[in-house]
Amino acid sequence: MEYAFSPQLHTNRTILAPPCAGRRPSFPATSSLKTGSRIHLPPSSLNISNGAVCRAVTSPTYLETTEATEIDWDNIGFGLVPTDYMYDMKCSSDGIFANGELKKFGPIELNPSAGVLNYGQGLFEGLKAYRKEDGSILLFRPEENAKRMIDGASRMCMPAPTVEQFVDAVKMTVLANNRWVPPTGKGSLYVRPLLMGSGAVLGLAPAPEYTFLIFVSPVGNYFKEGLAPINLIVEDEYHRATPGGTGGVKTIGNYASVLKAQKIAKEKGYSDVLYLDAVHNKYLEEVSSCNIFVVKGNVISTPEIKGTILPGITRKSIIDVARSQGFQVEERAVPVEELLDADEVFCTGTAVVVSPVGSITYLGKRVEYGNRGVGVVSQQLYSALTSLQMGLAEDHMGWTVQLN
């Protein structure tokens, strides 16, 4: 179904228009609509706040942001760029999420006693949208992010959006911010879904209300080096996670706890920290926000998922791509000593995709890989995965979702 809007709302910005669903949708006073530009989206029960009349026509098209942005796409880094709209959806104590809405991007209001502020009851996800050469947009495995949020929410005593709610909300948010998706090869639109206990609670208990929020930002490379070797130091004092804890879910507290060791490492000239297990202090776990892989000959080894390591979606994808290319991939306990004899080491994550490691320092000993260049395996897997993500190669895996 198509919805047309009053011409007096015209300025220089557009917003996604939902089905009327028997009521009048409305728009933020600071936002406005432009006639004639469109977004292709499945019907949804989305609401948008405050005052425009919609009339039903008969085709499945929606409004779309079309004007250009004033961004130097060749020099964009990995930092927040305020965009046009964010998505907001609430859930009360009944565990059912109400209809969501697109809002103007900006600050949110929280009670000082909100569960997320007092007890850290919050999760986040990260995924990317890519611009294809034909101008359309691709998402990469958004349903995997939805499933991981559901798993994490269970651990944190929180309700979660369904896979369908999650994916639809991501689509809506990306398309409403279409103009911020970088050109092919210039970066991506980073999508950050948040789930938090927004209800007020004083004693330690699950919050009575939850908010699901999505905002987006165009980004370039996570590490300033780009696809260039990074330098890691193995941390032997601090630990990222312990058995029985929350290391295997993407809760907000997992990331604040790594900041101190990361800060110390960066002050010494390292790119990031590689953590060991908290029980034996000898098996590889992960980097601050990335999974780790060790290459020896045709064998690629990575720490097994056992509750202390985040089940990365890029990790999972790289394993499948590597196996399809004939590599033997082992998910197991990897002793830190194997780093000393490795051919290559690389990290994976949504933000970095694949990041080759040029050197690792452990107990004062520095080991370098491949003359500190980008390893053959790292380059091969990076090229294969990013070609899929950007629509430059045929997706035999069925991992990408085209939006328009």
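In this predicted model, Phe166 has a relative accessibility of 0% and therefore counts as buried, the limit for that class being under 20%. Phe212, likewise at 0% relative accessibility, counts as buried. The rings of Phe166 and Phe212 have centres 5.7 Å apart and planes at 40°, so the pair is classed as tilted, a term that covers angles that are neither under 30 degrees nor over 60. Because Phe166 belongs to helix α3 (residues 163–176) and Phe212 to strand β10, this pair ties together parts of the chain that are 46 residues apart in sequence. Ring pairs extend the arrangement to Tyr87, which is linked with Phe166 and Phe212 into a cluster.

The search of the whole structure for aromatic pairs finds seven. One of these is formed by Phe78 and Tyr190, whose ring centres lie 5.4 Å apart with the planes at 75°, so that the pair is edge-to-face, as applies to angles over 60 degrees. Phe78 is located in the loop between β3 (55–56) and β4 (85–91), whereas Tyr190 is part of strand β9, and the pair therefore ties together parts that are 112 residues apart in sequence. As to exposure, Phe78 has a relative accessible area of 30% and is partly exposed, while Tyr190, at 11% relative accessibility, counts as buried.

Strand β9, to which Tyr190 belongs, spans residues 188–197, and because nine of its ten residues are buried, the strand is largely enclosed by the rest of the structure. Pairing with strand β6 (residues 122–124) is antiparallel and runs over three bridges; within this pairing, Phe124 has Leu194 of β9 as its bridge partner. Strand β7 (residues 127–131) is also joined to β9 in the antiparallel sense, again by three bridges, and here Lys128 is bridged to Tyr190, the residue whose ring also pairs with that of Phe78. With strand β10 (residues 210–219), β9 forms an antiparallel pairing over ten bridges, in which the partner of Pro193 is Ile214 of β10. Strand β10 thus takes part in the pairing with β9 and also carries Phe212, the ring partner of Phe166 in helix α3.

Among the helices, α6 was examined for its length and its burial. The helix comprises twelve residues (residues 313–324), which at 1.5 Å a residue should span 16 Å, a value obtained because the expected span is 1.5 Å times one less than the number of residues; the end C-alpha atoms are 17 Å apart, in agreement with this expectation. The buried residues of α6 are Ile313, Thr314, Arg315, Ser317, Ile318, Ile319, Val321 and Ala322. After the helix comes Gly326, which has a positive phi, near 95°.

For the chain as a whole, seven helices and 20 strands are assigned. The protein chain has 404 residues, of which 54% count as buried. Where contacts between residues at least 6 apart in sequence are considered, 71% of them join residues at least 24 apart. The area exposed by the protein chain is about 17100 Å², and 52% of this area is supplied by carbon and sulfur atoms.

Notes. Residues are numbered from 1 along each chain as its sequence is written. This is a predicted model: local features need pLDDT of at least 70, side-chain atom pairs count only at pLDDT 80 or more; totals for chains, interfaces and linings use all residues. Side-chain values use heavy atoms; hydrogens and water are left out. Helices (H or I, at least four residues) and strands (E, at least two) are DSSP runs, numbered from the N terminus. Buried means under 20% relative accessible area, exposed over 50%, partly exposed in between (1.4 Å probe, protein chains only). Contact means heavy atoms within 4.5 Å. Accessible areas come from the Shrake-Rupley method with a 1.4 Å probe; for residues, only the protein chains shown count as cover. Two strands pair if DSSP finds at least two bridges between them. Rings of Phe, Tyr and Trp (its six-membered ring) pair if their centres lie within 6.5 Å; planes under 30 degrees apart count as stacked, over 60 as edge-to-face and the rest as tilted.
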